[in-house]
Amino acid sequence: MTVNGSHPRHKLDEIIHAPVRLSIVAALAAAEKADFRFLRDTIEVSDSLLSKHIQTLEEAGYVRVQKGFVGKRARTWLWLTERGREAFAEYVSVLQEIMKSSGGTSDAPD
Amino acid sequence: MNHREELSAPQALGEIERVARQVRRSARRGGVWWAALGVATIVYWTVMHFAAQPYRTAAALGWMAFTAVAVFCAFRMRVHDRELHRLSWAVTVPYMAATILNVLVGEYVREGDGVLPVVVGIAVIAATAAPPLYGGLRVLAMPRDPEDPVIRS
């Protein structure tokens, strides 16, 4: 089996193409910025799992994190960087390419 | 969705739409707030320009309560809409300028004779309320389930 074939799935960004990270990036792509707890509740994951995936995205330069306080309460804001938005746009276009090539009915993992 | 499982293309697109829909539903509150600000502005300045006491005191107290609720809601906002962010300066600067204009013409509108002060009063009230109403309606009118929900730049 070839790893670097011509099928569009080979162009999928591996950093984004993981369930939790995809949800994080999709949420941030639809917003200007979002609160950590909002993401946790929307994606329905634990704090630690979310932190782990955010760190991966931050290291890739896709996400920026800003920590602050509102009164005594800690608040963590996250947003997509320009690079993150571009990567996500590319990821979505590859998904659409896969859908087109499979006639839009593919249920198999790509 | 299990965080370890492999994603298919339809699953990935479905998840992107689900999350985007949820984010936009929460972010709409900003649009509601702007629309409410536009309506509250009309009520407040109409009373301040054209009504007598004790209605003006009531309007001032009402405005303070509205501001307190708005600040509380702003601190509680957990997600910021992109359209709202994009329009924020276009709404805020004209709104502030028109508010100052309302203060400046207030005495003329209240104490002037004839139709002209009334026309001026109505015009500045409309000019003040227009930016937040426009911004609020723009945000609320954004498609919630568009064909491509993901990339709005």
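Here is a walk through a two-chain model, from the fold of chain A to the contacts between the chains and a couple of backbone oddities. This is a predicted model, where local features need pLDDT of at least 70, side-chain atom pairs count only at pLDDT 80 or more, and totals for chains, interfaces and linings use all residues. Residues are numbered from 1 along each chain as its sequence is written, while chains are lettered from A and ligands numbered from 1 in the order in which they are written.

Let's start with chain A. Its secondary structure comes to four helices and three strands, where helices (H or I, at least four residues) and strands (E, at least two) are DSSP runs numbered from the N terminus. Read along the sequence, the pattern is α-β-α-α-β-β-α. Of the 110 residues in chain A, 35% count as buried; that label takes 20 or more other C-beta atoms within 10 Å of a residue's own, whereas 12 or fewer makes it exposed and anything in between partly exposed, with C-beta atoms placed from the backbone.

Now for the meeting of the chains. A total of 30 residues of chain A are in contact with 29 residues of chain B, contact meaning that the C-beta atoms, placed from the backbone, lie within 7 Å. On the chain A side, α1 (19-30), β1 (31-35), α2 (36-43) and α4 (82-101) each supply at least two residues, and the largest share, eight residues, comes from α1(A).

The strands join in as well: three bridges link β1(A) to strand β1 (residues 79-81) of chain B, and the two run antiparallel. DSSP has to find at least two bridges before two strands pair. In this pairing A31(A) stands opposite D81(B).

What about the largest nonpolar core? It has 56 residues, and those touching the most other members are I24(A), V25(A), A26(A), A27(A), L28(A), A34(A) and V23(B). Such a core is a set of buried Ala, Val, Leu, Ile, Met, Phe, Trp, Tyr and Cys residues joined through C-beta atoms within 7 Å. Helix α1 (residues 9-50) of chain B gives the largest share of this core, 14 residues. Leaving out residues up to four places away in sequence, A27(A) touches A34(A), L39(A), T42(A), I43(A), V19(B) and V23(B).

Finally, the backbone oddities. E44(A), in the loop between α2 and α3 (47-59) of chain A, has a positive phi near 60° despite being a residue other than glycine. E44(A) is exposed, with 11 other C-beta atoms within 10 Å. Over in chain B, a cis peptide bond joins Q53(B) and P54(B), with omega about 5°; P54(B) is found in the loop between α1 and α2 (55-76) of chain B.
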